[in-house]
Amino acid sequence: MDLLAVPAEKKKGWYLSLMAPNTKGPMFSWLDPSRLYCNSQAFADCVEDLLSPFQKDSIDLVAGIDAMGFILGASVATSLGKGFLTIRKGGHLCVPSQHLNYTDYTGKENTLEVRQDVLKPGVRVLLVDQWIETGGTMKAAVQLIEGQGATVAGIATVAIENTEGGKWIKDNYRFSHCIPEELQSHIDGKDLNSLIQKLQKLSN
Ligand SMILES: O=P(O)(O)OC[C@H]1O[C@H](OP(=O)(O)OP(=O)(O)O)[C@H](O)[C@@H]1O
Ligand SMILES: Nc1ncnc2[nH]cnc12
């Protein structure tokens with residue numbers, strides 16, 4: 001698909017076909033959503049889909065996770081007319097911060113940190129990241145936000161894999177993602193070739 005083109009008929013999730021095939025091999029359902037952000041209509045439709053379940057919800061602030069969650073999260077915040085809080089990978093904030101260690105899909109231990117002078121009880125936060133695989137990153141972000149007394153109003157991300165951590169998020173929080181129901185098993189099954197074939201059909 002032409003990177004900047006928009007199909008005449010926009011099927012649900014049409015923009016997902018813009019996600020580039022990975023360099024990690026066919027056994028990984030790794031797709032890089034960053035290419036869909038290059039197409040303005042794709043980006044706008046992705047943000048709209050992420051926000052649609054939260055139309056009637058009270059949200060005070062959007063928080064996004066370093067690094068790709070910043071792009072999606074800041075766009076969601078602007079669209080909602082709300083501010084944006086950065087949840088950073090360790091070692092970047094030069095202000096009093098709260099830190100939490102976690103493990104993600106790589107199996108490596110990382111740190112997330114958030115400044116301490118924004119969140120407080122009563123603040124309702126929409127938490128945004130690009131993708132949830134094991135859920136380790138998102139769970140750490142949830143714990144940082146709740147640890148400061150604020151409320152996670154919802155979690156929005158391009159995809160939530162049905163891993164133990166992904167299911168925990170779906171069971172415990174309001175959430176949104178962009179994956180049409182018939183594609184979810186292909187994401188979960190890490191069956192990249194069939195997933196790409198299905199994605200291509202969405203944009204024809
Ligand atoms: O559910 P998990 O197993 O924790 O994985 C999800 C995390 O992995 C990706 O980020 P990554 O660290 O690859 O980097 P980036 O956003 O900095 O590109 C993704 O954007 C999430 O933050
Ligand atoms: N499978 C995946 N595809 C894209 N981004 C990811 N981040 C973590 N896992 C991912």
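This tour visits one helix and then two ligands.

Before you start, note that this is a predicted model, where local features need pLDDT of at least 70, side-chain atom pairs count only at pLDDT 80 or more, and totals for chains, interfaces and linings use all residues. Residues are numbered from 1 along each chain as its sequence is written, while chains are lettered from A and ligands numbered from 1 in the order in which they are written.

**Stop 1: helix α1**

Select residues 40-51, which form α1. Helices (H or I, at least four residues) and strands (E, at least two) are DSSP runs, numbered from the N terminus.

Now colour Ala42, Cys46, Val47 and Leu50, the buried residues of α1. Buried means that 20 or more other C-beta atoms lie within 10 Å of a residue's own; exposed means 12 or fewer, with C-beta atoms placed from the backbone. Because the buried residues cover an arc of only 130 degrees around the axis, they sit on the same side of α1. The arc is taken from the directions from the helix axis to the C-beta atoms.

Turn to the face away from that buried side: Ser40 and Glu48 are exposed there.

Then show α2, β6 (151-160) and β7 (175-176), against which the buried residues of α1 pack. Contact requires C-beta atoms, placed from the backbone, within 7 Å.

**Stop 2: ligand 1**

Select ligand 1 and its 16 surrounding residues. A residue counts if its C-beta atom, placed from the backbone, lies within 6 Å. Ala67, Asp104, Tyr105, Thr134 and Thr137 come nearest. Strand β5 gives the largest share of this shell, four residues.

**Stop 3: ligand 2**

Finish at ligand 2, surrounded by Ser29, Trp30, Leu31, Tyr105, Trp131 and Glu133.

Note on methods
The expected span of a helix is 1.5 Å times one less than its number of residues. Two residues are in contact if their C-beta atoms, placed from the backbone, lie within 7 Å.
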